[in-house]
Amino acid sequence: MLDIKFIRENVDLMKEVIANKRIGLDLDELLTIDSKLSELKTKQQDLQEKRNAHSKLIPQASNEDRPKLIAEGKEIANELKEMNPEISDLEEKLKALMYVVPMVPSKDAPVGKDDSENVVSRVEGDKPNFSFAPRHHVEILEMNEWAEFKNIAKVCGSRSYSLRNDMVLLEMAMHRLALDMLTEKGFTLVSSPSMAREDALYGTGHFPTGREDAYYIPEHDIYLSGTAEVQLNSLHGGEILSESDLPILYAGFSPCFRGEAGSYGKDVKGLIRVHQFQKTEQFVICKGDEAESEKWHKSLLEAAEEFCKALELPYQILEVCTGDMGAGKFRMYDIECWVPSEEKYRETHSCSALHDWQARRTNTRYRDADGNVKHVFTLNNTMVATPRILVPFIENHQQEDGSVYVPAKLRAYMGGKEVLKGRNRQ
């Protein structure tokens, strides 16, 4: 969400941003509603002032004039009452449109129509050079009895999975490693509920446009969220923090849920695109300063890169273009890890700076050293999301016999094991 005053004063810029971000928003409609609402509110204020002045005359009026003044007062009150439904209707329409207004992206963000125009900024690590034909992760999982897909789908529906044996421990090990790394960086560890109220999903910008991806429990009027960012972003909603409280660094661990609407037929086999997953999310609330935000954006990206290096995974960094970054993003990077069976990189991390776009939605503010009240800036990045990260991990570290190598930094969390083998192959 942006300041309406900024939108009014930068119409051409906002139309360009809407086009570049491919947002379905009619800015002229928004401005027309805003103008009409402003006119009505001005008229409403004038009538309220007139009514207040009129009511002061009644006690002083003569018996002869008082009935006329009372009648006139009732006419003003009725006129005000008749305006209320129209004002409320316009306010709701304007609010709905304001929720769709995109953040102005960084001038350094590449302009592009979709993910095909994202820009590779760096490539890190060496791709494995196998002396054998690399197996798909599902084959490795099944041959080692590390996952089950068929029977669990009968119970839980499509895109379900059940990890088994060492994969359960490996998943936990990855999150423990991630949480330990973030603890060392000064993050507060948060076990986040998966449930969230509707306003929290509006607060992050997952609503209104992403509503079809959220699981809804109507009898409790609650949603299941796809990231701890939803809960962490609203924790301080409506508060005025002190500048000395900032930055706030949260590492949110939570079960996550995503409907994957619109992705039918895509990545239906294995662990790439599932409905339930675990995620450790980095989330930062900092003061409203572009240089400060840029510093933390770099820091969040570096933390995720450290994690990928700890897992000894080859990866690339993408600078995400305007047409793929989403409405609220100021600047965005993706990390994609190499998947040998597909001979391509797959997204594993998404690192975003949103400036005050989310903070205006939640009304999260702080008081600076001079006593001025400003909106905070927010940023987020995945630290690890499982089971997706298991795909490049298993495939890159597979050995010819189907076993999987364990990088040194994970071994302490895996009982010292250097290689994982299925129970039937010990």
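Where is Asp 221 found? In this predicted model, Asp 221 sits in the loop between E6 and strand E7 (222-224). Its backbone takes a positive phi of about 50°, even though Asp 221 is not a glycine. That is worth a second look, given that most residues other than glycine have a negative phi. As for its surroundings, Asp 221 counts as partly exposed because its relative accessibility is 46%.

Asn 363 tells a similar story in another loop. The backbone of Asn 363 has a positive phi of about 55°, and Asn 363 is not a glycine either. The loop in question runs between helix H11 (357-362) and strand E14 (365-367). With a relative accessibility of 30%, Asn 363 also falls in the partly exposed class.

Now for the overall picture. The chain holds 13 helices and 18 strands, and its C-alpha trace spans about 105 × 45 × 40 Å along the principal axes. Of the 426 residues in the chain, 50% are buried. Long-range contacts feature heavily: among contacts with a separation of 6 or more, 73% are between residues 24 or more positions apart. The accessible surface comes to about 20800 Å², and carbon and sulfur atoms account for 47% of that surface. Charge is spread over 55 positive and 70 negative side chains, with the centres of the two sets 2 Å apart.

Helix H7 (residues 166-184) is a good one to trace by eye. At 1.5 Å a residue, its 19 residues should span 27 Å, and the end C-alpha atoms are indeed 27 Å apart, so expectation and model agree. Many side chains of H7 are tucked away: the buried residues include Met 167, Leu 170, Ala 173, Met 174, Leu 177, Ala 178, Met 181 and Leu 182. Asp 166, Glu 171 and His 175 are buried in H7 too. In general, an α-helix has 3.6 residues a turn, so residues three or four places apart point the same way.

Just after H7 comes Gly 186, with a positive phi of about 90°. Gly 186 lies in the loop between H7 and strand E4 (188-191). It is partly exposed, because its relative accessible area is 49% and the exposed class begins over 50%. Gly 186 and Ile 248 are 62 residues apart in sequence, yet their C-alpha atoms are 9.5 Å apart in space.

Leu 80, found in helix H4, offers a pair of another kind. Leu 80 and Arg 122 are 42 residues apart in sequence, but 61 Å apart in space, C-alpha to C-alpha. What does Leu 80 touch, then, leaving aside its neighbours within four places in sequence? Its contacts are Gln 44, Leu 47, Gln 48 and Arg 51. Leu 80 is buried, with a relative accessible area of 6%.

Aromatic rings are another feature to look for, with six aromatic pairs in the count. In one of them, the ring centres of Tyr 99 and Tyr 202 are 4.7 Å apart and the planes meet at 45°, so the pair is tilted. Tyr 99 lies in the loop between helix H4 (66-98) and strand E1 (119-124), while Tyr 202 is in helix H8 (residues 198-204), so this pair ties together parts that are 103 residues apart in sequence. Both of these tyrosines, Tyr 99 and Tyr 202, are buried. Phe 130 and Phe 132 make up another tilted pair, at 5.1 Å centre to centre and with 55° between the planes. Phe 132 counts as buried because its relative accessibility is 17%. Ring pairs also build a cluster out of Tyr 99, Tyr 202, Phe 207, Tyr 216 and Tyr 223.

One member of that cluster, Phe 207, leads on to the peptide bonds. Phe 207 and Pro 208 are joined by a cis peptide bond, with omega about 10°. Pro 208 is placed in the loop between H8 and strand E6 (215-217). Another cis peptide bond links Leu 246 and Pro 247, this time with omega about 0°. Pro 247 sits in the loop between strand E8 (240-242) and strand E9 (248-257). For context, most peptide bonds are trans.

Technical notes. Residues are numbered from 1 along each chain as its sequence is written. This is a predicted model: local features need pLDDT of at least 70, side-chain atom pairs count only at pLDDT 80 or more; totals for chains, interfaces and linings use all residues. Side-chain values use heavy atoms; hydrogens and water are left out. Helices (H or I, at least four residues) and strands (E, at least two) are DSSP runs, numbered from the N terminus. Buried means under 20% relative accessible area, exposed over 50%, partly exposed in between (1.4 Å probe, protein chains only). Contact means heavy atoms within 4.5 Å. Accessible areas come from the Shrake-Rupley method with a 1.4 Å probe; for residues, only the protein chains shown count as cover. Lys and Arg count as positive and Asp and Glu as negative; His and the chain ends are not counted. The place of a charge is taken as NZ of Lys, CZ of Arg, CG of Asp or CD of Glu. The expected span of a helix is 1.5 Å times one less than its number of residues. Rings of Phe, Tyr and Trp (its six-membered ring) pair if their centres lie within 6.5 Å; planes under 30 degrees apart count as stacked, over 60 as edge-to-face and the rest as tilted.
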